[in-house]
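Dear colleague,

I am passing on the structure below, together with some notes on what turned up when I went through it. Please read the notes with the sequence and the model side by side.

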Amino acid sequence: MNFEKIEQLIKLVKENDMKKFKYKDYEQEIEFDFTDNRADQNIGNVASFTQSQNEPDTIVDDNTNYVKAPMVGTFFLQDEKELSNPLVNVGDKIKNGDTIGYIEAMKVLNEVTSDVEGIVEEILVNHGTNVEYDQPIIKVK
C-alpha cells in the first residue's frame, strides 16, 4: 500500500467522523485510531497505523505461482473432515488439472484443480479452514 492510498484512507475516515478504522487482507493490515486515550492531556486527534506484509517486498521470484480458491467455502486437503491422507504435500509435483483438494460450499464438496504446474512449495491454508474467492491456497514453484 502506498502513501497516497494511506492519505486517501485517512481523509475518508476523518470526513465520515469515524474514530477507529481497521482494514486487513491477506497481505496487509492498516489501522487508524483517532480517539484520544489520554484524558489528562488536551491533545488533538492522533492517527496511528501499522502495516505488515506477510511476504518480504525485497525478494520477488517470477517462478512462483499460486493455486487459488475458485469459490468461497471450507477448504479440505482430502474428502474427509479428519486429515489422514492429504491429496498434496509440500514437495509434491503437481500438473495442470490435478485435484489438490476440495472446497465445501452449501454441503457439497467441489474439487479444486490446479491451473499451474510445478512443485508444491507451501500449503497456505490449513485443512478445514474457510477460504475466500481467489485466495491463494497453495504456493507452487
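**Strand pairing and cores**

In the pairing of strands, I94 has G118, in β8, as its bridge partner. Before going further, please keep in mind that this is a predicted model, and that what follows should be read in that light.

The bridge just named belongs to the pairing of β5 with β8, which is antiparallel and runs over two bridges. On a wider view, β5 and β8 are part of an open sheet of four strands, whose order is β3-β10-β8-β5 and whose pairing is antiparallel. The edges of this sheet are formed by β3, residues 65-68, and β5, residues 93-94, each of which pairs on one side only. Within the sheet, β8 (residues 118-123) and β10 (residues 136-140) run antiparallel and are joined by three bridges. Among the residue pairs between them, V120 has V140 of β10 as its bridge partner, while E122 is partnered by K139, also in β10.

Some of these residues come up again in the packing of side chains. The largest nonpolar core is made up of 16 residues, and those with the most contacts inside it are V67, F75, I94, I100, V131, I137 and I138. Two elements, β6 (99-105) and β10, each give two or more residues to this core, and β10 gives the most, with three residues. Leaving aside residues up to four places away in sequence, V67 touches a list of residues that includes I94, I100, V112, V116, I137, I138 and V140. There is also a second, separate core of six residues, among them I6, V13, F32 and F34.

One polar residue deserves a separate paragraph. Q78 is located in the loop between β4 (73-76) and β5, and is Q78 buried or exposed there? Its relative accessibility is 3%, and because buried means under 20%, Q78 counts as buried. The side chain of Q78 reaches two backbone nitrogens, that of S84 at 3.2 Å and that of N85 at 2.6 Å. When residues up to four places away in sequence are not counted, Q78 touches L83, S84, N85, P86, L87, Y102 and H127.

If you look at the model yourself, I would suggest starting from the sheet and turning to the loop with Q78 afterwards.

With best wishes

Definitions and conventions
Residues are numbered from 1 along each chain as its sequence is written. This is a predicted model: local features need pLDDT of at least 70, side-chain atom pairs count only at pLDDT 80 or more; totals for chains, interfaces and linings use all residues. Side-chain values use heavy atoms; hydrogens and water are left out. Two strands pair if DSSP finds at least two bridges between them. A nonpolar core is a set of buried Ala, Val, Leu, Ile, Met, Phe, Trp, Tyr and Cys residues joined through side-chain atoms within 4.5 Å. Buried means under 20% relative accessible area, exposed over 50%, partly exposed in between (1.4 Å probe, protein chains only). Contact means heavy atoms within 4.5 Å. A polar contact is a pair of N or O atoms within 3.5 Å; within protein, one must be able to donate a hydrogen and the other to accept it, and residues adjacent in sequence count only if both atoms are side-chain atoms.
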